[in-house]
Each structure stands twice: as structure tokens, then as C-alpha cells.
Amino acid sequence: MKNQNKVLISNTIAMYMLSIAKLVIPLISLPYLTRVLTVECYGSVSFVKSIISYMQILIDFGFLLSATKDVIAVIKNKGEVNKTIGNTLYAQILLCGLSAILMLICTFCFDILEGYEIYSLLSLIPAILSIFLFEYVFKAYEKMGSIAVRFVVMKVIALILTIIFVKSDADILLIPIFDIVSSLIAIVLVIFQLKKFGIKIDLGLSRIKEAWLSLKSSFVYFISNFATTAFSLLNTLLIGLALTKSDVAYWNVAIQLVCAVQALYNPIINSVFPTMVKNKDLKLIHKIMLLYMPLIFVGCGLIIVLGDWAVTLVFKEQYLMSSTLLKWLIPVMIAGFPAMLYGWPCLGAIEKQKATSISTIVSAVVQVVGLGFIALIGCFNLIALAVVRSVTEIALCLIRMTIVYKNKHKFVKPNAEDSSSLNVQQ
């Protein structure tokens, strides 16, 4: 148990390094882009990012969870590991082709993308290249440090190049080009790391047939991840279709800040998932909740007190509306942590993948109903959208907590001497 705790500590630290990078780098690039690009251009760029996020979900197809579990199941057999990776890679190549077709269709269907067709297609390439990062392999081997280092290298390179060369709307094509360059560098690092693991990916033709089975087994994870991300992305798409480019920009800044906060949750979620799959220790989840929730409430209080000042300082006064939206989105940040923690780390560990997906789908229905209601009463504006988004997150949290406690008998009760896991998180 002590060795497992050491691994959990190491992985949690690595994931915190990753989350700090995910927090700091956008907080540098985001205000920089809002200053050098016009609000309208930044709105279109944000809209493209939302579409790319959908495409990334399609390409990932839940493999970051399902393939992680599959590799863990055969991790002592290198041949089976190589086959599992080959199956997943072929499946994702098929998904990349589908995403390219969908992206091409989007460039013709959305008026907000007029004049941004090349930018949109270039922005898809880093998402396609992500299949060669094999993040699920490093999660299965519990080498979170490798993921963290690679991400930092990728994003710092892209950030530096963006700050040096992007100075106006005319330079926006450089943004995805720099992301492509940084992704290729990261792939080179991955190749060397896989060799250290002794992994030689099995790309035999029989893997293509198995790829369809991989898609089928991962579908439940895909549905859950798609519905979860759709909470935020659907709003961005609707704003782009029904409101103005400026509204897209204001909403995107607020959502990016919410995502920056939620990035702080990911280290514990990612590091605890393999541990929960192995140990099914619900007591560990309780201790994590007791440790983190007070910190979240304090952070949200600071947003209420200092939000206007911080947004004006970082993004300029013209983005003050984003601060107002951020305050209305505070319930998302509060309910988001338990919703994530009681999701895959709990329900996935006891083979309740369908329940996890159903909870997400039900919450997505809540959001769609909410959006339909505010449109029906003629109140389709940014504040109303933030309220609907908050209600949706609360619904997701309550549903998942209810399912976990109805199935609490499926978790393993740890021995008294093994109950020191709280110290692991500290």
C-alpha cells in the first residue's frame, strides 16, 4: 500500500505541474490575444476553438479512459499491450478522417467562419496529431510526469512563438501553425519514451478489425465525455449563431477562466483514477472532498470580491462583461469538482460506465431544456446562458452522487492501517 501511495503522490504532483501549466499558459496567451486581436476577430477564433474541441472529443472517443483500462488489464504482457495500442491507433485514424470531413462542412455552414476557412482547417491538424501522443499509455503505466513535461514543452514553444510573431488579425494563421510545430516536437519525445517502455506498436492488418471492437467498447466513454464538454461548447456555438462575435469573445474569456479553475481539479481526478480502478476505496474519495471543497469555496469568494478588478487589469475594460459572467458561473466551479470526482474515478472503478454516461446525458437534456426555455421566453442572453450552465452542472453533480451512494456496497472497505490516504493528497 505504501508503494501505491508513493505512486499516487508522484502522479498527483506531476498532474499539478500539468495543471499549473494549463492554468498559467492560457492566462498568458489569452490576455495577449485579446489585446492584439480585435474583439470580432477574437470572437471568430474562439468559435473555431469550440468546434475543434468537439473534434478533439470525437478523435479521443473516450480512449483516454477506455484504452487506459485496457492497457492496465494486459500491462504485464507486452505483446497484448502492443496490440491494444495498435487497435486504438487504427480506430483513431478512422475518427480523424471523419473529423476532417465534418470540419470542412462547418467552414461552409457557419457564417461566423467566413474568411476563416484556412485558419479552421489548420487548427484541426494539432487535434489529429494528438493521436500520436499516446497519453492513455502513459496513464496506464502511471507515468504522469511524462505527460506533464510533454505538455509544457508543447505549449511553451507555441506560446513563445505566438507572442513573438502574432501582432494583429493578419497574423492569425500563425497560431495553428505554431501548434502544429509544437505537436510534432512532442511526438518525437513520445517515440523515445515508448522505446524506453519496450513498446513496439502492432500495426498488423488484423488490428483494423479489432479497431471496430475498440470503438464499440469505448463508445460509452465517448458519449459521456461528449455530453460533458457540450455543456460549455454548445453555448459558445449558439452564441456564435444567435448573438454577436463580441458576445462570443466575452463568453469565451469567462469560460476559459472557468476552465483554468477546473484545470486545478484534473490532477487529483487523473491521478486517483488508476488507484480507484485497482482499490475501489470510497473512503479516499470522501477525504479528498473534505480537503478540496473548502479551498474551492475560498477561491470562489475571491472571484466575487476581486473579479472586476482582475479582469479589467488583465483583459482591458472592454471585457468587463466577462467578469459578470464569471460570477454567474461560480456554481459550475463549486459543483464541478464533486461531479468530476464522483464520475469516472468512482463509477468507472465499479464498472458503472453506463451510469456515468446516463448521468451526463440527463444533465445535457437539462441544459437543452433550459436553453429552449430562455429562447421561448425571449431571454436568450449571456447571463441567462450562464444560469442554465450552472443549473446543468449542479444537476450532474447531484445525479452522480446519488448513483455512487446507491452503489456504495460495491466499493472495498480499506483496512484501518491503510486509511492514511489523506496524507497522500497533502
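Start by selecting Asn 407, in the loop that runs between helix 17 (382-406) and helix 18 (421-425). Keep in mind throughout that this is a predicted model. Is Asn 407 buried or exposed? Its relative accessibility is 11%, so Asn 407 counts as buried, the cut-off being under 20%. Now show its surroundings: leaving aside residues up to four places away in sequence, Asn 407 touches Ile 350 and Lys 352.

Next, add Thr 244 to the selection and draw a distance between the two C-alpha atoms. Asn 407 and Thr 244 are 163 residues apart along the chain, and their C-alpha atoms are separated by 46 Å.

Move on to the interior. Select Ile 51, Val 137, Trp 251, Tyr 319 and Phe 337: these have the most contacts inside the largest nonpolar core, which has 119 residues. Then colour helix 2, residues 39-60; with 13 residues, helix 2 gives the most to this core.

Stay in the core and centre on Val 137. Which residues does Val 137 touch, not counting those up to four places away in sequence? They are Ile 85, Leu 194, Phe 197 and Ile 199. For a second core, separate from this one, select Tyr 221, Phe 273, Val 277 and Trp 344, which are among its six residues.

Finish on the surface. Select Val 298, Leu 302, Ile 304, Val 305, Leu 306, Trp 309, Leu 313 and Val 314; together they form a nonpolar patch with about 800 Å² of accessible area. Within this selection, pick out Val 298, placed in helix 12 (residues 282-315). Val 298 has a relative accessible area of 53% and is therefore exposed, since the cut-off is over 50%.

Key. Residues numbered from 1 in each chain as written. Predicted model: local features only at pLDDT ≥ 70, side-chain atom pairs only at ≥ 80, totals over all residues. Heavy atoms only, no water. Core = buried A, V, L, I, M, F, W, Y, C linked by side-chain atoms within 4.5 Å. Buried < 20%, exposed > 50% of the residue type's maximum accessible area, 1.4 Å probe, protein only. Helix = DSSP H or I, 4+ residues; strand = E, 2+ residues; numbered from the N terminus. Contact = heavy atoms within 4.5 Å. Patch = residues over 30% accessible without salt bridge, like charges linked within 9 Å, V, L, I, M, F, W, Y side chains within 5 Å. Areas by Shrake-Rupley, 256 points an atom, 1.4 Å probe, with all protein chains shown as cover. Salt bridge = Lys/Arg side-chain N within 4 Å of Asp/Glu carboxyl O.
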